Amino acid sequence: MKAKKSLGQNFLVDISVADRIVDAISPSHNDTVVEIGPGKGVLTDILANKVKTLICIEMDDLLSKRLQLKFESKPNVTVVNDDALNFNIETLITPTTSYKMIGNLPYNVASPIIRHYVNLNHKPCLITAMLQKEVADLIAAQPGKMGYLSVEFQSECSIQKLFTVGPSVFSPKPKVKSTVISLTPHNKLSTNQFPKSDFLAMVRAGFSAPRKQIHNCFENATDLSKVKIVDALETAGIDSKSRPQVLSISDWEKLYMIFYEMGVKF
Ligand code: SAM
């Protein structure tokens, strides 16, 4: 069977890497785990014997049929043939059940899949995912190298970069390196007091011209006067001449509160 590029099918062939990804969620016999994109089942094989309930969501019809047959005799494994971005996980997991998510994700939809799960009301308590190294680096970046994705995910989760592997651990081999990261969603009060979409709209405006100084980004992306923007930045303790990449999560949160108190909408 030919790997489908459109579904990001680069199958992991190095079992020791599969073991390390599974170990990263510290699987236990009480766990409920959702695996995204199980493919030929390299992670599934290991997980099926380690956790209480394993729900696998695979979009490829043929692969999911094969997995359904393979795990027929394992009552703790359910294989769903669907798009992970559409499937409602709450149909299989009760609201009081804590669960972990794992996946060697298709590169092209890795961030949307993580975003989808982080935004659920009933979100996973832990997400461990393998994704393109550059995307993982950006999600986990520290002030100085941050981008919109870093702020989006770090304002919702604690993030840990675990390890990086080269193309040779996959078949077919991708052109890029891959990194495994863990995200632990938290419920911080600061951004949750206000609609998250407003907070992210402000961050998007702040990154609208990443090479420019932050006051210019806001001037480009909003109708606000320079005076008002500089005033808000200074009140938040942020140098208006800094580039947006250097702001920390707490800078963005402080800035949001100040714009909010000034009645500014993005
Ligand atoms: N987990 C397997 C492994 O490590 O070898 C396969 C990983 S491969 C990078 C990504 C898998 O995700 C493929 O099996 C692909 O068919 C599946 N996939 C792609 N898009 C998907 C989506 N939107 N929802 C669910 N599965 C998807």
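For my count I take Ala, Val, Leu, Ile, Met, Phe, Trp, Tyr, Cys and Pro as nonpolar, Asp, Glu, Lys and Arg as charged, and the others, Gly among them, as polar. The model I am reading is a predicted one.

Entry one, the largest pocket. I looked up its lining by class and found 18 nonpolar, 9 polar and 5 charged residues. The lining comprises 32 residues, and those that lie nearest the centre of the pocket are Leu7, Gly37, Glu58, Asn104 and Pro106. Strand E1 (11-12), strand E2 (32-36), helix H2 (42-48) and strand E3 (53-58) are the elements that give two or more residues to this lining. For the space in this pocket I noted about 470 Å³.

Entry two, the second largest pocket. Here I noted about 230 Å³ of space, and a lining that includes Ala3, Lys5, Tyr107, Gln132 and Val176. By class, I recorded 5 nonpolar, 4 polar and 3 charged residues in the lining of this second largest pocket.

Entry three, the largest nonpolar core. I found 28 residues in this core, of which Val34, Ile36, Ile57, Ile89, Ile114 and Tyr117 touch the most other members. Among the elements that give two or more residues to the core are E2, E3, strand E6 (126-132) and helix H6 (148-154), while H4 gives the most, with 5 residues.

Entry four, one core residue. I then followed Ile57 and, leaving out residues up to four places away in sequence, I listed among its contacts Val34, Ile36, Ile89 and Tyr117, as well as Asp82 and Asp83.

Note on methods
Residues are numbered from 1 along each chain as its sequence is written. This is a predicted model: local features need pLDDT of at least 70, side-chain atom pairs count only at pLDDT 80 or more; totals for chains, interfaces and linings use all residues. Side-chain values use heavy atoms; hydrogens and water are left out. On a 1 Å grid over the protein atoms alone, a cavity is a set of points where a 1.4 Å probe fits but cannot get out, and a pocket is an open set with protein on both sides within 12 Å along at least five of seven lines; lining residues have an atom within 4 Å of a point. Grid points are joined across faces, edges and corners, and a volume is the space filled by probe spheres set on the points. Helices (H or I, at least four residues) and strands (E, at least two) are DSSP runs, numbered from the N terminus. A nonpolar core is a set of buried Ala, Val, Leu, Ile, Met, Phe, Trp, Tyr and Cys residues joined through side-chain atoms within 4.5 Å. Buried means under 20% relative accessible area, exposed over 50%, partly exposed in between (1.4 Å probe, protein chains only). Contact means heavy atoms within 4.5 Å.
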